[in-house]
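The exercises below are to be worked with the sequence and the model open side by side. Each task is followed by a solution in steps.

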Amino acid sequence: MTDLSKYRNIGIFAHVDAGKTTTTERILKLTGKIHKLGEVHDGAATTDFMEQEQERGITIQSAATTCFWPGKDQQWAKEPFRFNIIDTPGHVDFTVEVYRSLKVLDGGVGVFCGSGGVEPQSETNWRYANESEVARIIYVNKLDRIGADFYRVVDQVKNVLGAKPLVMVLPIGTESDFVGVVDLLEEKAYYWDDSGLPENYEIKDIPDDLKDKAAQYRAELIETAVEQDDDVMEQYLEGNEPDVATIKKCIRKGTINLSFFPTYCGSAFKNKGVQNLLDAVVDYLPSPTEVEPQPEVDEEGNETGNFATVDPNGPLRALAFKIMDDRFGALTFTRIYSGKINKGDTILNSFTGKTERVGRMVEMHANDRNEIDSCQAGDIIAIVGLKNVQTGHTLCDEKNPATLEPMVFPDPVISMAVSAKDKANAEKMSVAIGKMVAEDPSFRVESDEETGETILKGMGELHLDIKVDILKRTHKVEVEVGAPQVAYRETITKPVSDSYTHKKQSGGSGQFAKIDYTIEPLQPGDGFVFESSVVGGNVPKEYIPAVEKGFKNSIEKGPLAGYPCLDFKVTLTDGGFHAVDSSAVAFEIASKAAYRQTMPKAGPQILEPIMKLDVFIPEEKVGDVIGDLNRRRGMIQGQEPTPTGVRVKAEAPLSEMFGYIGDLRTMTSGRGQFSMEFSHYAACPKNIADDVIAAAKKREEERQKK
């Protein structure tokens with residue numbers, strides 16, 4: 001039986017380019033999992049194994065790996081700590097990978113760039129981690145870079161993220177003179193030499209010029225830590241400083257209950273400071289038994305009050321958090337919360353109600369795997385060949401079924417039409433797209449039956465670009481690609497009270513339904529709401545759900561350009577029925593016709609997706625870039641100087657941002673960078689709305705001709 005207190009399920013997450021994959025690579029080297037370091041810029045990193053990742057030097061999909069760490073002084077060498085590590089992408093188009101990884105992890109390492117600081121994607125990932133209540137350690141990386149400033153990043157963590165960093169080490173030297181760190185708890189200095197080997201370090205006394213600063217930060221560290229234990233705090237206030245073991249116990253407690261976040265620093269690329277980070281994972285991040293157990297939910301998604309407590313002897317509770325297709329078939333990445341799975345077991349998928357047999361299980365190391373015969377609570381493994389399992393499904397004991405809290409994924413904001421070059425490719429394409437949709441829940445596909453086109457929907461230009469690349473290269477499908485399209489929406493601006501009567505007489509029993517109703521706009525983000533205020537039985541209770549269903553099924557097609565309609569409320573106020581001719585179907589037909597009749601009277605308008613932009617540019621190019629953003633209907637929210645340039649925050653419509661990276665690079669001689677994520681929907685200016693409506697009409701006319 002494995003000792004669960006020795007397990008650490010951790011994820012490494014950060015903004016694009018903060019050095020997550022490099023940090024993971026160093027951890028694998030230090031723990032003996034790999035013997036030769038692969039670098040991201042050479043396309044040789046272990047966890048970046050997709051062709052597209054190696055070419056672009058970015059992480060696209062999260063990769064899982066397992067390694068072992070004996071801890072400081074090799075004291076746990078006989079039974080080392082087991083780290084299940086997930087390296088997640090930093091690019092905003094792939095945030096879904098971060099979200100679903102955080103959902104199944106017990107702890108995380110947030111990596112921040114020493115010169116870039118807290119960047120926009122760091123904020124999004126931090127928010128996801130807060131929602132998932134994941135305990136975290138902060139690692140300020142790249143301290144050897146020009147403009148790196150550990151203390152500035154610590155301030156940003158406080159001010160931008162609203163988090164409480166607990167500084168555990170101080171850097172010795174800055175930028176190219178960065179040589180090591182001061183461990184505040186042990187009051188020792190760690191110096192690495194220039195060989196680039198992580199094991200080549202010496203422990204010395206704290207340098208004289210850092211003694212005062214170290215004493216000040218150590219006092220702050222102890223004061224913050226002892227707040228976690230009243231007895232220790234009392235002793236401390238009486239002038240008795242607790243020993244290191246007691247302080248560590250307090251830090252562990254505060255980290256797990258999210259009171260603060262132990263903060264480390266180093267340079268992963270130069271192999272400095274990674275050991276301290278690994279020791280911190282052991283000392284302060286929770287084992288599977290120390291985190292709040294997963295709540296179980298009923299069919300409607302409401303919590304039942306039961307929990308999947310981490311216990312190898314309990315009933316099986318596991319969450320499929322990622323599907324990956326490879327040459328051996330579908331791999332279902334699974335986090336086991338309770339119970340065990342043995343090879344050959346039959347398990348129940350509580351979402352589909354079907355059972356599946358576990359043929360093969362593997363422990364993953366990026367895209368390599370080790371066959372295993374059994375696994376238990378706390379493990380993160382992959383099951384090969386499950387048929388009907390999708391991301392977010394619960395796998396459980398067929399005699400004791402339960403459902404775990406499912407995952408919620410954001411809606412796509414951009415779409416693109418693709419069509420196969422010929423019939424042979426069309427068949428290949430439908431199989432390939434089926435596999436890709438199973439792998440990525442933020443990637444959706446619809447087929448336009450009239451034009452025969454397949455519409456791909458995703459989180460951004462890069463997201464769809466990579467999906468098309470995978471179609472062409474991985475699945476060898478020849479496709480023709482249309483221009484990206486924006487996912488517009490529609491809404492209404494004024495309330496309207498109206499009435500509709502549906503009558504049909506065609507021999508035998510007819511159809512009759514009368515409804516009086518009010519349609520009114522809601523606040524952005526409220527969605528569709530239905531309410532009935534009918535009294536006295538003019539519309540019998542059993543027909544009211546049919547009225548709601550009719551309206552609900554109509555909202556996919558707005559009155560102006562056929563885009564989905566958002567944020568309005570329908571109140572059923574009165575109506576009429578016929579004892580013989582009324583039926584649920586009649587009321588559903590009436591409400592669908594009522595929607596078509598009334599929505600054009602309610603001041604409909606087109607909404608467009610507005611994106612949150614973060615642009616990093618050299619100081620001398622600020623005027624050009626801001627002028628260009630204004631031309632793109634951008635609203636500048638603010639700008640702040642950074643050591644290497646200026647960071648401009650803005651909001652701009654997605655429709656104006658296609659191809660922006662190329663224009664930005666031209667304006668800044670290749671030095672500009674930007675990231676963008678969906679913020680909200682806002683009303684379109686009239687001239688843009690007219691163009692959108694005209695384009696929709698033109699598409700409709702072309703369909704009619706076909």
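**Exercise 1.** In which loop is glutamate 133 found? Locate it in this predicted model, then assign its exposure class and compare its backbone with that of glutamate 187.

Solution.
- Step 1. Glutamate 133 is found in the loop between helix H4 (120–131) and strand S5 (135–141).
- Step 2. Its relative accessibility is 58%, so glutamate 133 counts as exposed; the cut-off for that class is over 50%.
- Step 3. Glutamate 133 is not a glycine, yet it has a positive phi of about 55°.
- Step 4. Glutamate 187 likewise has a positive phi of about 55° without being a glycine.
- Step 5. Glutamate 187 sits in the loop between strand S8 (180–183) and strand S9 (188–192).
- Step 6. With a relative accessible area of 45%, glutamate 187 is partly exposed.

**Exercise 2.** Is alanine 135 buried or exposed? List what it touches beyond its sequence neighbours.

Solution.
- Step 1. Place the residue: alanine 135 lies in strand S5.
- Step 2. Alanine 135 counts as buried because its relative accessibility is 2%, and the limit for buried is under 20%.
- Step 3. Leaving aside neighbours within four places in sequence, alanine 135 is in contact with Asp106, Gly107, Gly108, Thr255, Ile256, Leu258, Leu285 and Pro286.
- Step 4. Take leucine 285 from that list. The two residues are 150 residues apart along the chain, and their C-alpha atoms are separated by 6.5 Å.

**Exercise 3.** Which exposure classes do glutamine 156 and glutamine 605 fall into? Give the setting of each.

Solution.
- Step 1. Glutamine 156 belongs to helix H5 (residues 150–159), whereas glutamine 605 belongs to strand S34 (residues 605–617).
- Step 2. Glutamine 156 has a relative accessible area of 14% and is therefore buried.
- Step 3. Glutamine 605 has a relative accessible area of 27% and is therefore partly exposed.
- Step 4. Not counting residues up to four places away in sequence, glutamine 156 touches Gly116, Gly117, Val118 and Leu161.
- Step 5. On the same basis, glutamine 605 touches Arg489, Glu490, Thr491, Thr493, Leu560 and Ala683.
- Step 6. Proline 559 is 46 residues from glutamine 605 in sequence and 9.0 Å from it in space, C-alpha to C-alpha.

**Exercise 4.** At roughly what angle do the axes of helix H6 and helix H8 cross? Describe the residues in the contact.

Solution.
- Step 1. The axes of helix H6 (residues 211–226) and helix H8 (residues 244–256) come within 8 Å and cross at roughly 65°.
- Step 2. The crossing of H6 and H8 is left-handed.
- Step 3. H6 contributes Leu221, Ile222, Ala225 and Val226, and H8 contributes Ile247, Cys250 and Ile251.
- Step 4. Sorted by class, the contact has seven nonpolar, no polar and no charged residues.

**Exercise 5.** What percentage of the residues of the chain count as buried? Add the other totals for the chain.

Solution.
- Step 1. The chain has 706 residues, and 54% of them count as buried.
- Step 2. It holds 16 helices and 37 strands.
- Step 3. Of the contacts with a separation of 6 or more, 72% come from residues 24 or more positions apart.
- Step 4. The accessible surface of the chain is about 31100 Å², and carbon and sulfur atoms account for 47% of it.

Technical notes:
Residues are numbered from 1 along each chain as its sequence is written. This is a predicted model: local features need pLDDT of at least 70, side-chain atom pairs count only at pLDDT 80 or more; totals for chains, interfaces and linings use all residues. Side-chain values use heavy atoms; hydrogens and water are left out. Helices (H or I, at least four residues) and strands (E, at least two) are DSSP runs, numbered from the N terminus. Buried means under 20% relative accessible area, exposed over 50%, partly exposed in between (1.4 Å probe, protein chains only). Contact means heavy atoms within 4.5 Å. Accessible areas come from the Shrake-Rupley method with a 1.4 Å probe; for residues, only the protein chains shown count as cover. Axes are lines fitted to C-alpha atoms, for helices over the stretch in contact, and angles run from 0 to 180 degrees between N-to-C directions. A crossing is left-handed if the near helix is turned anticlockwise from the far one by less than a right angle, and right-handed if clockwise. Ala, Val, Leu, Ile, Met, Phe, Trp, Tyr, Cys and Pro count as nonpolar, Asp, Glu, Lys and Arg as charged, and the others, Gly among them, as polar.
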